[in-house]
Structures are given as C-alpha cells and as structure tokens.
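Here's a friendly walk through one protein model. Have a look at the sequence and structure first, then read on.

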Amino acid sequence: MKPVKLGLIGCGTVGTGVARLLINNRHLIEQRTGIPLHIKFIADLDTKKDRGVAFEPGILISNAWQIIDDPEIDIVIEMIGGETLANDLIKAAIEKGKHIVTANKALLAKHGNQLFKTAACKGVDLAYEASVCGCIPIIKTLRETLVSNQINSMTGIFNGTCNYILTQITEAQISFKDALKQAQAQGYAEADPTLDVEGFDAAHKLAILTSLAYGMHINFDDIYIEGISKITPFDIKLAAEFGYCIKLLAISKNLGDRIEARVHPTMIPYGNILSNVRGTLNAININGHAVDNLFLSGHGAGMMPTASAILSDIVDLSRNLQHHAAARIPLMGCQPPDIQTMPILPITDILTRYYFRFTALDNPGVLSSIAGILGKYEISIQSVHQKGRKTDGSVPIVMMSHSAKESYVRKAFEEIDSLEVVEEPPVLIRIEDGFAQD
Ligand code: HSE
C-alpha cells in the first residue's frame, strides 16, 4: 500500500505526542491497518528544541504554509490552536483537497458550521475526535456507534482543570484560590485559567457534541455558561450534608422542538456515576432511546491521551483514502440537507431543582418572609436547614427546592435580596438528579 503522507502543524505538547506515536508505534499501527503512515513535514516555530523524538532529518520546518502547498501531503494535522491562523490554514488545506485532523475545539465551536460546509462541498474529511474530552471516543460514539439512536440527553464533566479544583476543595478542604494554584503548579490549568474555570472550554465541547447529537447548527453564544470561581468550600460542605457533590456539568437535552445546552456548577447526588469522576478525569453520560444510558470516562487532556485520539482520526482518514471513500461519514453526523436549526432554550426558561443559600438575621419571621416570596413565585421548598448563627448574628438558611422555573427564581431572589434582614446576595446552585444512577 502506498504510504499516506502527513503534515503536522504545531509541535507543542500534543504535536510531540502525535509524533511519538507515529514514530515509536509505527510497526504496531501498520500491523493493525496495513497502511504505512509517513510524516513528511512537521511545522513549528521552534525547529531546534529537543522533543525526545527521533525525527528524520529535515522534517521539522518553520513555515506551516509549506505543508499546505505540498501536493504530496494527504492529511494535515492542525495542532496550533487559536481561531485565526488555524482557521486560515484549515480553509486553505480544504481548498487544496487535503483531509484535516484537528483538536481545535474553540475553532469548531465557533466556526465549525462554515468549515464543515466548506469541507463537505470539497468532498474532504475533517476529523475532530481530539477536540472533545481527549481520549474519550465520543465523536465516534455519536457519529457511528449510536447512529440508530435518537439522542435524548448528554451530561458530562468536560473540563479536567475544574474537576481537579472541585475535587481538591471537596477532599482536601482547601479554598478555590489554593486549588487553582495547585492545578497550575501541576500543569493542568493555564497561566490564564479563565477559559477553564469560567466554563468556556466545557461550553466549546458541549457546542460540538450538541450539533453532532441532534444534527443541528448551533450558535455558541446561545449556550448558558457559568464557571466555578464563586463556589465556596462552605457550599460544597453543605451540599455533602444533603448527600450531593458539586461538579461543573455540561448539560444538553433534546426537548423535541428546542434544546437545552448549558454549563454550570451542578449538584448531583452521591451515587450518581458522575459523582465518582475525580481529579482531572472527564466523563460523559449519553442517553439514547435504544441504548438508554451509556457512560464513558477517561483523560480529557494531556500529551498521550490527546495524541491517541488524533491517531484514531489519522487512521480513519487513511483507511478512507485507501478505499477512495473520503467523506464516508457525514462530518456533522447527518446529511447536510437534513441539518436543522433548533432554538436553544434561554436559561430563564429552564425547569430544574435548586439549592438556595440565604444569609439573614436570625430574627422571628425571617424564614417565613423568605418562604412567602418563594411561594409567591411558585417555588416549592423540599427541605430547609438553618445552620449555626455567625458571630455577627446572621445565619445561613439552606433550602432545596422542587422543580421551578429559573425566571421565577431570579425574580424571587431580587425581592429576597432587597429584604432588610438579608445580609448577603443569595446563592443558587442547580441540581440534576435524573440520570445514570448506579
Ligand atoms: N484545559 C482543558 C481541561 C483541556 O482542563 O480539561 C483541554 O480542553
């Protein structure tokens, strides 16, 4: 079989992992596929750094456009990230009829609709397994394994940095700030961790999966995003007293004519399978009408897990090339004319259960004033706990609600916050109980 020629763009952590697998596991891959994979060029600004890989002389180059312009290169693997140069390189490679592998979630979440359309028109493959949850084979699972299923919902832990921080606050009882410092020291969080801790990274991944699962175009800005930076050890401790842990969940639900797509800190009962996903691990529970619940978990980042997902794409595309079957699987899992546009429900319209924490003066009638306002907005309380009085005379009042509409909760909060006896802005954490119970 003629070798498939590869051009790698970006040789940072993930690029180095991909090169390592291609070079060190060449024989294993060839035994399994029968296809020789040949790296023709690797483009990176730093061509001198020792990456601990035995590169053939001359394959490291500094100009990525040399890969795009090389007629021999069959597959371009984009690993530079970002939304500008990466977008230009991918578009140019598609124009030249090259197949693409990318792990660039931000690019696909925001510009995927256009890139997939362009690639489909040119009959080229654009593979993106590594863009969502590292080595978890979620794109393949949705596009291939669950092809006959109507997907009802997906609920997952898509950001390892946040999961590490929440695990450390829960188990080591340290503050958010200290847990974040640890995550940075371990190399999990970026120096600017905003994309991780404020939920954007998880939302990028949710956008990609939501498009794929329901065969729809998605407007990234319609996804509700709330990060974990305001979660306190106190709320984590109280949640545990109610039998819940707090995770940054990405939630997508198919409501038929509308969908829910949201990322926020969420209380889930201990006993739910996702509550056992600790540290930097990622996980997803997919509910399909035929399979019921399907649970996948693994490393969502890191050199070798991410490289493994990229290799899976490279091999798929090489097999397609071998059989002259490019674009065998529709890029968004659905035939382009059947891709729909469905509205995402605004967060104010969702119905869910809540944890509320009010900080109020410990005076007669305070609890009934708060409960009265909640009742006025049709928010029914399932349980109430009043914790010990603080030295300033205020007391935390913690409530778990039955299902309520978020717009009503927000109105009730405005009124409660304006009460003289309420000392701090009320806290709200959404609850999910109804999935993947073990
Ligand atoms: N920064 C991400 C995480 C990995 O912490 O999970 C890449 O998306």
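What follows covers a sheet and then a helix.

The model is predicted, so to speak of local features takes a pLDDT of at least 70, side-chain atom pairs count only at pLDDT 80 or more, and totals for chains, interfaces and linings use all residues. Residues are numbered from 1 along each chain as its sequence is written, and side-chain values use heavy atoms, with hydrogens and water left out.

**The sheet**

Helices (H or I, at least four residues) and strands (E, at least two) are DSSP runs, numbered from the N terminus. Here, 6 strands make an open sheet with parallel pairing, in the order 3-2-1-4-5-6; two strands pair if DSSP finds at least two bridges between them. Strand 3 and strand 6 stand at the edges with a single partner strand each, so one side of each has no neighbour in the sheet. Strand 1 and strand 2 run parallel and are joined by 6 bridges, and Gly7 has Phe41 in strand 2 as its bridge partner.

**Helix 13**

Val366, Ile370, Ile373 and Leu374 are buried (under 20% relative accessible area, 1.4 Å probe, protein chains only; partly exposed runs from there up to exposed, over 50%). Seen down the axis, these buried residues fall within an arc of 100° (taken from the directions from the helix axis to the C-beta atoms), so they line one face of helix 13. The face turned away from that buried side carries exposed Ser368 and Lys376. Which elements do the buried residues of helix 13 pack against? Contact means heavy atoms within 4.5 Å, and the partners are these:

| Partner | Residues |
|---|---|
| Strand 15 | 351-361 |
| Strand 16 | 381-386 |
| Strand 17 | 394-401 |
| Helix 14 | 406-417 |

After helix 13 comes Glu378, with a positive phi near 60°.
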